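Here is a short tour in questions and answers. Look at the chain first, then read on.

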Amino acid sequence: MTPVGQADTHSWQQVGLNSSRPKSSGPIQKGRTCKMARHDKLYTWMRYLMLLLCVILVISGFVLLGLGAWIRYGAATFVDVLGPYSSQLIYISYICIGMGSVLSFTGLIGCCGAWKENRFFIMLFFFIVTMLFVAEIIGTIFVLTYRNLVSLVVRDASKNSLMTAYIGPAATDPISTAWNTVMVKFKCCGFENSTVDFKGSVFSTTTGLNYPKTCCVNKTLADCDGITITPSLIQPQSCFSKVITVIREQSVILGSAAGCICMMELSSMILAMVLFVKLGLMRHPW
């Protein structure tokens with residue numbers, strides 16, 4: 001028979017041994033493990049999604065670079081037609097080139113932050129994308145508000161350049177070359193009213209002709225002399241409608257691209273903040 005003191009000591013030792021043993025993995029522990037695994041999986045997918053969005057932003061930046069280069073060099077004909085207002089379009093091309101460069105650089109920063117799990121890069125990416133997003137929203141509101149005024153300015157500037165700066169088919173100055181290229185390429189004549197637009201113009205006053213040779217359907221005919229006017233000889237359409245059609249087509253492409261870029265920027269901003277918080281909790285848990 002065991003003494004009472006020894007029994008108490010043995011029971012206390014048994015309790016201490018049991019309390020020092022690790023807890024067995026029960027249903028609660030398994031549930032926590034599964035929950036952590038799901039969180040890790042979600043975090044991995046968010047990283048890959050942010051990498052994908054950043055790559056798309058880099059590509060979008062190069063698209064903006066190409067658009068700016070097209071406005072500056074590829075669309076030089078349309079730019080020169082505006083005469084004194086052509087410098088404003090050149091500024092727009094520089095803005096597109098600058099924003100494209102910043103967007104590509106920002107996408108690379110986001111890729112580095114998501115791949116290396118670097119909170120500094122992720123936060124820097126978030127701030128730059130936020131500023132770009134706000135600037136694009138303000139620019140869109142400005143364009144939508146003043147688009148009628150801009151269209152009127154473009155129309156008046158183009159017509160004014162035709163009346164006061166166009167010299168003729170043989171001229172080599174930028175405005176005359178641009179107008180000759182437009183009339184030949186789009187098979188049009190004048191700005192709005194075909195040969196009527198040349199009445200009282202510098203071209204008509206200097207040469208005494210009613211229209212330039214570039215207005216003819218067939219420029220090799222003898223009747224294409226700048227004086228004879230017949231419906232079959234002169235291009236029936238004016239150049240304004242042709243140019244506006246091209247500008248509208250490019251505007252639709254530009255607007256669609258800008259909308260997609262804004263959506264990707266917004267999504268990448270949300271992902272950047274979530275990843276930033278998640279990385280902070282992983283490195284400094286409560």
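Q: In which loop does Lys 187 lie?
A: This is a predicted model, where local features need pLDDT of at least 70, side-chain atom pairs count only at pLDDT 80 or more, and totals for chains, interfaces and linings use all residues. Residues are numbered from 1 along each chain as its sequence is written, and side-chain values use heavy atoms, with hydrogens and water left out. Helices are DSSP runs of H or I with at least four residues, strands are runs of E with at least two, and both are numbered from the N terminus. Lys 187 lies in the loop between α6 and α7.

Q: What phi does Lys 187 take just after α6?
A: Most residues other than glycine have a negative phi. Lys 187 has a positive one, though the residue is not glycine. Its phi is about 55 degrees.

Q: Is Lys 187 buried or exposed?
A: Buried means under 20% relative accessible area, exposed over 50%, and partly exposed in between, with a 1.4 Å probe and protein chains only. Lys 187 has a relative accessible area of 58%. That makes Lys 187 exposed.

Q: How many helices are in the chain?
A: Read along the sequence, the pattern is α-α-α-α-α-α-α-α. There are zero strands. The helix count is eight.

Q: What percentage of the chain's residues is buried?
A: The chain has 286 residues. The buried ones make up 34%.

Q: What length does helix α6 reach from its first C-alpha to its last?
A: Helix α6 covers residues 174-185, which is 12 residues. The expected span is 1.5 Å times one less than the number of residues. For α6 the expected value is 16 Å, and the helix comes close to that. Its reach is 16 Å.

Q: Which residues of α6 are buried?
A: In an α-helix, residues three or four places apart point the same way, because there are 3.6 residues a turn. The buried set in α6 opens with Ile 175, Ser 176 and Ala 178. The rest of the set is Trp 179, Asn 180, Val 182 and Met 183.

Q: Which residue has its C-alpha 6.1 Å from that of Val 184?
A: Val 184 belongs to helix α6. At 42% relative accessibility, it is partly exposed. The partner is 30 residues away along the chain. It is Thr 214.

Q: Which residue forms a salt bridge with Glu 117?
A: A salt bridge is a side-chain nitrogen of Lys or Arg within 4 Å of a carboxyl oxygen of Asp or Glu. The count comes to one. In this pair the closest N and O atoms are 3.6 Å apart. The partner of Glu 117 is Arg 47.

Q: How many residues apart are Glu 117 and Arg 47?
A: Glu 117 is in the loop between α4 (86-116) and α5. Arg 47 is in helix α2. The bridge links distant parts of the chain, 70 residues apart.

Q: Is Arg 47 buried or exposed?
A: Its partner Glu 117 is partly exposed at 24% relative accessibility. Arg 47 has a relative accessible area of 15%. Arg 47 is therefore buried.

Q: What is the geometry of the aromatic pair of Phe 126 and Phe 127?
A: Rings of Phe, Tyr and Trp (its six-membered ring) pair if their centres lie within 6.5 Å; planes under 30 degrees apart are stacked, over 60 edge-to-face, and the rest tilted. The structure holds five aromatic pairs. In this one the centres are 5.9 Å apart, with 65 degrees between the planes. The pair is edge-to-face.

Q: Why does the pair of Tyr 166 and Phe 198 count as tilted?
A: Their ring centres are 6.2 Å apart. Tyr 166 is buried at 0% relative accessibility, and Phe 198 is buried at 0% too. The pair is tilted because its planes stand at 55 degrees.

Q: Which residue joins Tyr 166 and Phe 198 in a cluster?
A: Ring pairs link the members of this cluster. The residue that joins Tyr 166 and Phe 198 is Phe 203.
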